[in-house]
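Subject: Structure for you to look at

Hello,

Below is the structure I said I would pass on. My notes on it follow, starting with one residue and then moving out to the whole chain.

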Amino acid sequence: SVAAGNKAQFFGLTQTIKYRVSPLDIKFKNVLKRTFDLVFSVAVILMFMSWVVPLLALLICLDSKGPVFFIQKRPGRDGKIFPCIKFRSMTVNNNTEKVALRNDARTTSVGKYIRKTSMDELPQFFNVFFGHMSVVGPRPNLTSQNDHYQLRRCMPGGCLRLNSRDA
């Protein structure tokens with residue numbers, strides 16, 4: 001039997017129990033974090049992205065054919081899938097679940113710069129605004145990696161890498 005308030009989950013034949021309580025389980029802290037996310041994302045969208053998005057869109061269009069934005073399905077809170085928005089930094093291809101490496105041949109000229117400066121991540125402030133993501137917290141992983149990372153989150157000593165550009 002599982003203690004009251006804890007949730008048992010199975011990963012294959014391994015049963016895990018959530019034994020840690022998150023600070024965000026307190027409603028006031030959750031509202032405070034969401035308020036911060038809204039205020040911060042609106043500020044970034046209005047003051048920074050209002051002029052950066054058209055500029056980067058033009059550069060991306062001049063550099064390679066294809067859409068300006070790359071939209072990829074990512075698992076969010078409680079495993080709910082959401083569309084993660086990024087600037088397209090690679091040539092259009094069907095291999096969207098393959099992790100990009102530092103010198104990936106699929107990366108465009110403009111893409112190398114926007115990936116190096118993490119500007120390709122700027123459209124994710126729209127995800128923050130819509131409540132799909134948070135400014136502070138772990139980066140949503142690829143759906144193909146979800147089972148691996150779900151297991152790691154439950155294991156003692158496991159942690160998520162916050163800087164995704166280490167590969």
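**Serine 118 and its loop**

Serine 118 is partly exposed, with a relative accessible area of 34%. That class applies because partly exposed covers the range between the limits of under 20% for buried and over 50% for exposed. Please keep in mind that this is a predicted model. Serine 118 sits in the loop that runs between α2 and α3 (124-130). Its phi is positive, about 60°, although serine 118 is not a glycine.

**The chain as a whole**

The chain has 167 residues, and 29% of them count as buried. It contains four helices and four strands, and in sequence order these give the pattern β-β-α-β-β-α-α-α. If we take the contacts between residues at least 6 apart in sequence, 57% of them join residues at least 24 apart. The chain exposes about 11,500 Å², of which carbon and sulfur atoms supply 63%.

**The nonpolar core**

Which residues touch the most other members of the largest nonpolar core? They are Met49, Phe87, Ile114 and Leu122, in a core of 15 residues. Two elements, α1 and α2 (109-116), give two or more residues to this core. The largest share, eight residues, comes from α1. As background, nonpolar side chains tend to be buried together in soluble globular proteins.

Methionine 49 has contacts well beyond its sequence neighbours: leaving out residues up to four places away, methionine 49 touches Val44, Pro54, Leu122, Pro123, Phe125 and Phe126. One of these, Leu122, is also among the core members named above.

**Helix α1 and what it meets**

Helix α1 spans residues 27-63, and alanine 57 is part of it. Is alanine 57 buried or exposed? Alanine 57 is buried, because its relative accessible area of 17% falls under the 20% limit. The C-alpha atom of alanine 57 is 8.1 Å from that of phenylalanine 87, although 30 residues separate the two along the chain.

Arginine 34 is also in helix α1. Arginine 34 is partly exposed, at a relative accessible area of 28%. Its contacts, apart from neighbours within four places in sequence, are Val128, Phe129, Phe130 and Gly131. Arginine 34 and valine 135 are 101 residues apart along the chain, and their C-alpha atoms are separated by 9.3 Å.

The axes of α1 and α2 come within 8 Å of each other and cross at roughly 145°. On the α1 side of this contact are Leu56, Leu59, Ile60 and Asp63, and on the α2 side are Ser109, Val110, Gly111 and Ile114. Sorted by class, the contact of α1 with α2 has five nonpolar, two polar and one charged residues. Ile114 takes part in this contact and is also one of the core residues that touch the most other members.

**The loop between β4 and α2**

I looked at two residues in this loop. Threonine 107 lies between β4 (81-87) and α2, and valine 92 is found in that loop too.

Threonine 107 is buried, with a relative accessible area of 12%. Not counting neighbours within four places in sequence, threonine 107 is in contact with Ser89, Met90, Lys112 and Arg115.

Valine 92, by contrast, is exposed, because its relative accessible area of 56% is over the 50% limit. Valine 92 still has contacts outside its sequence neighbourhood: beyond four places away, valine 92 touches Lys65, Gly66 and Pro67. For one of these pairs there is also a distance: the C-alpha atoms of valine 92 and lysine 65 are 7.8 Å apart, with their positions 27 residues apart along the chain.

**Cysteines**

How many disulfides does the structure hold? The number is zero. I checked the surroundings of two cysteines. Cysteine 61 is partly exposed, with a relative accessible area of 46%, whereas cysteine 84 is buried, at 2%.

That is what I have on this structure.

Regards

Definitions and conventions:
Residues numbered from 1 in each chain as written. Predicted model: local features only at pLDDT ≥ 70, side-chain atom pairs only at ≥ 80, totals over all residues. Heavy atoms only, no water. Buried < 20%, exposed > 50% of the residue type's maximum accessible area, 1.4 Å probe, protein only. Core = buried A, V, L, I, M, F, W, Y, C linked by side-chain atoms within 4.5 Å. Contact = heavy atoms within 4.5 Å. Disulfide = S-S within 2.5 Å. Areas by Shrake-Rupley, 256 points an atom, 1.4 Å probe, with all protein chains shown as cover. Axes fitted to C-alpha atoms, helices over the stretch in contact; angles between N-to-C directions. Nonpolar A, V, L, I, M, F, W, Y, C, P; charged D, E, K, R; others polar.
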